[in-house]
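Hello,

Here is the structure I promised to pass on to you. Please have a look at it first, and then read my notes below.

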Amino acid sequence: MAIRPIFHWTARRVKAHGAIFFAAFALLRMRRYRYHTRPGAEAPLSEARILAELRNVEVLVLRDRNTNTYYALPSAANPTQIRLYKAVDQTQRRPTVRLKEGRT
């Protein structure tokens with residue numbers, strides 16, 4: 001994770017931006033630590049690899065043409081993504097989720 005230039009004009013916004021960045025960094029480090037300390041941990045993962053794996057979790061958006069309703073269907077996770085979810089005691093659920101209702 002690299003910090004980029006920020007274009008906020010007030011001190012309050014600059015502090016908020018820094019706080020959000022720090023929280024994201026801390027959560028990423030915590031996930032990495034928990035991934036590596038679980039029993040049966042695989043090869044170590046860098047922060048960049050963890051971010052890449054989590055970014056690659058895909059969602060397919062479908063539209064019912066009759067009702068103009070949109071649905072989200074998550075793709076299946078690969079083994080590394082599954083281990084990352086388990087490291088923080090989560091599972092990737094694969095339910096179809098209604099995003100936006102159309103007219104019925």
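Below is what turned up, beginning with the helices and ending with the sheet.

Please keep in mind that this is a predicted model.

Helix 1 covers residues 11-37 and helix 2 covers residues 47-55; their axes come within 10 Å and cross at roughly 95°. Angles of 65 to 115 degrees count as roughly perpendicular, so helix 1 is roughly perpendicular to helix 2. On the helix 1 side of the contact you will find Leu 28, Arg 29, Arg 31 and Arg 32, which meet Glu 47, Ile 50, Leu 51 and Leu 54 of helix 2. Sorted by class, this contact has 4 nonpolar and 4 charged residues, with no polar ones.

The loop between these two helices holds Ala 41. Its relative accessibility is 35%, so Ala 41 counts as partly exposed. Leaving aside residues up to four places away in sequence, Ala 41 touches Tyr 35 and His 36. There is also a link to a later part of the chain: the C-alpha atoms of Ala 41 and Arg 83 are separated by 8.5 Å, although the two are 42 residues apart along the chain.

Now to the sheet. It is open, has 3 strands in the order 1-2-3, and its pairing is antiparallel. Strand 1 (59-64) and strand 3 (97-100) are at the edges with a single partner strand each, so one side of each has no neighbour in the sheet. On average, neighbouring strands are turned by 35° against each other, direction ignored. Strand 2 (residues 69-74) is joined to strand 3 by 3 bridges, and Tyr 70 has Lys 100 in strand 3 as its bridge partner.

Best wishes

Key:
Residues are numbered from 1 along each chain as its sequence is written. This is a predicted model: local features need pLDDT of at least 70, side-chain atom pairs count only at pLDDT 80 or more; totals for chains, interfaces and linings use all residues. Side-chain values use heavy atoms; hydrogens and water are left out. Two strands pair if DSSP finds at least two bridges between them. Helices (H or I, at least four residues) and strands (E, at least two) are DSSP runs, numbered from the N terminus. Axes are lines fitted to C-alpha atoms, for helices over the stretch in contact, and angles run from 0 to 180 degrees between N-to-C directions. Angles under 35 degrees count as roughly parallel, over 145 as roughly antiparallel, 65 to 115 as roughly perpendicular and the rest as oblique. Contact means heavy atoms within 4.5 Å. Ala, Val, Leu, Ile, Met, Phe, Trp, Tyr, Cys and Pro count as nonpolar, Asp, Glu, Lys and Arg as charged, and the others, Gly among them, as polar. Buried means under 20% relative accessible area, exposed over 50%, partly exposed in between (1.4 Å probe, protein chains only).
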